[in-house]
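Subject: Structure handover

Hi there,

Here is the structure I promised to pass on. Please open it alongside this message, and my notes follow below.

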Amino acid sequence: MSDMSSEHVAKIIDFLRNERKAEDVSLEDVMRLAELMAESFQSFFKTMDLAIYTELGEMAREIANMKEELALLRLSDMRDEHIPTAGRELDAIVEATEEATNTIMSAAEEIMAADVTDSDAYQALVGEKVIDIFQACSFQDITGQRISKVVSTLNALDKRITTLVEKLKIMRITDAAGEETASEKRARELMLHGPQFKGEGVSQDDIDAFF
Amino acid sequence: MALDTSIPVLVVDDYKTMIRIIRNLLKQLGFEDVDEAADGTEALGKMKERRYGLVISDWNMEPMTGYELLKQVRSDSSLSKTPFIMVTAESKTENVIAAKKAGVNNYIVKPFNAPTLKSKIEAVFGD
């Protein structure tokens, strides 16, 4: 054990004394600790068994490679840029659809409330409001483009997560049964499923037959 | 028998645009006396202050859902006879069965159109 240098031990002690809180410990921290441990034990086992020493050397190289590969995935770009941008795109979609709906409904309400006895004025009003409705419908083009950007982000995220899972060799992870959250419990108890895809829910005709 | 469009109607939905759509459709059908509430709790409060001839409610709202509102209404002897139509995007069989079991008079799946709303209101009043 004399070859496990005091310098290595000091490095590990420094790392552990760094007063990290559990939530602050990143994958990188864990890997760094593993690296330090591997380095320390290398010198210890060197004196005992060359095979183990070689194995530990391999492990250290593997960890170093993994760090490089993780860096290449640019996961921080997803966290700092792509995901917040996708959130802003979705907010903008909600805003645009709401604005368009209000414009269309206001136009329709004005047509409904118009005085039909003055046919010239009525015709002019209807013409003007129909143009407003056409213009408001252009939201579909813009929201379509925004949705495409969000879909691209989701695809990129999916690709990077898949790559990460492969690199970390954790393909056989089994889903842990997580605890049901309060909102999940409410949704289950009150049957809050939300809209169904076409053909998946019961149709109005089926409901009518049931009633 | 002609539909009595003078009855006060309570529309319950947390989505203002949907309330506006239903209100306009009801107006087209001749219903002028339309109140609104944003969830079951607000609706129940309004129903205790005024006797409505018809309640048209969404299902998915917070804090009180339309389903909970329906059960509360049916369990309150002073409100239990109020006609109640569910207008919702919840189209799973279990939702429809649960609503029927709880005493809903009719069930409309969103998106819907004016003739559907009209026919369901007429069905509720036996026209």
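A word on the element names first: helices (H or I, at least four residues) and strands (E, at least two) are DSSP runs, numbered from the N terminus. B:Pro111, for example, sits in the loop between strand E5 (106-109) and helix H5 (114-124) of chain B. The peptide bond leading into this proline from B:Lys110 is cis, with omega near -5 degrees.

Before the rest, some bookkeeping. This is a predicted model, in which local features need pLDDT of at least 70, side-chain atom pairs count only at pLDDT 80 or more, and totals for chains, interfaces and linings use all residues. Residues are numbered from 1 along each chain as its sequence is written, while chains are lettered from A and ligands numbered from 1 in the order in which they are written.

Chain B has a second cis bond to look at: the one from B:Glu62 to B:Pro63, with omega near -5 degrees. B:Pro63 belongs to the loop between E3 and H3 of chain B. For context, most peptide bonds are trans.

B:Asp58 is found in that E3-H3 loop of chain B too. UniProt, in an unreviewed entry, places "modified residue: 4-aspartylphosphate" at B:Asp58; its positions are given in the numbering used here, feature names are shortened, and annotations may be inferred rather than shown by experiment. Is B:Asp58 buried or exposed? It counts as buried because it has 26 C-beta neighbours inside 10 Å. The cut-offs are 20 or more other C-beta atoms within 10 Å for buried, 12 or fewer for exposed, and partly exposed in between, with C-beta atoms placed from the backbone. Leaving out residues up to four places away in sequence, B:Asp58 touches B:Val12, B:Asp13, B:Asp14, B:Met18, B:Gly66, B:Val87 and B:Thr88; contact here requires C-beta atoms, placed from the backbone, within 7 Å.

On the far side of that loop comes helix H3 (residues 66-75) of chain B, whose buried residues are B:Gly66, B:Tyr67, B:Leu69, B:Leu70 and B:Val73. Seen down the axis of H3(B), they fall within an arc of 160 degrees, so they line one face of the helix; the arc is that of the directions from the helix axis to the C-beta atoms. Their packing partners in chain B are strand E1 (9-12), helix H2 (40-49), strand E3 (54-57), strand E4 (84-88) and helix H4 (93-102).

The same UniProt source, again an unreviewed entry, puts "domain: Response regulatory" at residues 8-125 of chain B. That span is 47% helix and 18% strand, and its end C-alpha atoms lie 14 Å apart.

Now to chain A. Its mean pLDDT (the predictor's confidence in each residue, from 0 to 100) is 81, and 83% of its residues reach 70 or more. Among its elements, helix H1 (residues 6-16) has the lowest mean, 70, and helix H5 (residues 119-136) the highest, 93. A:Met191, in the loop between helix H7 (182-189) and helix H8 (204-210) of chain A, has a positive phi, near 55 degrees. This residue is partly exposed, with 18 other C-beta atoms within 10 Å.

How do the chains meet? 16 residues of chain A are in contact with 21 residues of chain B. Helix H4 (75-113) and H8 of chain A each supply at least two residues of the A side.

Happy browsing!

Note on methods
Contact = placed C-beta atoms within 7 Å.
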